[in-house]
Amino acid sequence: MTGTTPKPAGGPLARKAAMLCQAEGFHRYLDQARRARHGIDTNVLPDGTHKEEDAVDFIRTACGVESRAEIDHEPRAAHMLRRIITNYRRWQSNQVRASS
């Protein structure tokens with residue numbers, strides 16, 4: 001038997017994170033959030049700047065994990081992912097209201 005610890009398998013939260021990272025709307029959310037947080041103009045950071053890999057990096061960094069599979073096994077990471085999803089859904093709702 002080797003001395004390596006098996007990597008945790010991803011569960012439902014890891015799958016949610018993966019789907020989120022693939023969503024173009026989430027990429028736009030990251031664009032707008034970064035502009036708001038850092039006072040960056042749309043000309044400097046236009047919508048469409050963030051891509052899937054940027055979203056993956058954001059989720060891993062925010063959740064404090066090296067792999068999205070760890071999210072299901074780390075309570076703090078799971079909590080952070082839920083907060084991210086909640087904030088993204090709130091942003092989506094605001095986008096729908098703003099376009100109506």
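**Reading a helical model**

Author: Welcome! Let's start with one residue: R37 counts as exposed because its relative accessibility is 54%, and exposed means over 50%. Keep in mind that this is a predicted model.

Reader: Thanks! Where is R37 found?

Author: R37 sits in helix α2, which covers residues 24-38. You can also relate it to another part of the chain: T86 is 49 residues away in sequence, and the C-alpha atoms of the two are separated by 18 Å.

Reader: How many helices and strands does the protein have?

Author: There are 4 helices and 0 strands, so reading from the N terminus gives α-α-α-α.

Reader: What span should helix α3 have, at 1.5 Å a residue?

Author: Helix α3 has 12 residues, 52-63, and should span 16 Å; its end C-alpha atoms are 16 Å apart, which agrees.

Reader: Which residues of α3 are buried?

Author: They are A55, V56, I59 and C63. Looking down the axis of α3, you find its buried residues within an arc of 100°, so they line one face of the helix.

Reader: And what covers the buried residues of α3?

Author: The cover includes α1 (12-22), α2 and α4 (75-99). Just after α3 comes G64, with a positive phi near 70°.

Reader: How can I picture the whole protein?

Author: Along the principal axes, its C-alpha atoms fill a box of roughly 60 × 25 × 20 Å. Of its 100 residues, 29% are buried. The protein exposes about 6,900 Å², with carbon and sulfur atoms supplying 50% of that.

Note on methods
Residues are numbered from 1 along each chain as its sequence is written. This is a predicted model: local features need pLDDT of at least 70, side-chain atom pairs count only at pLDDT 80 or more; totals for chains, interfaces and linings use all residues. Side-chain values use heavy atoms; hydrogens and water are left out. Helices (H or I, at least four residues) and strands (E, at least two) are DSSP runs, numbered from the N terminus. Buried means under 20% relative accessible area, exposed over 50%, partly exposed in between (1.4 Å probe, protein chains only). The expected span of a helix is 1.5 Å times one less than its number of residues. The arc is that of the directions from the helix axis to the C-beta atoms. Contact means heavy atoms within 4.5 Å. Accessible areas come from the Shrake-Rupley method with a 1.4 Å probe; for residues, only the protein chains shown count as cover.
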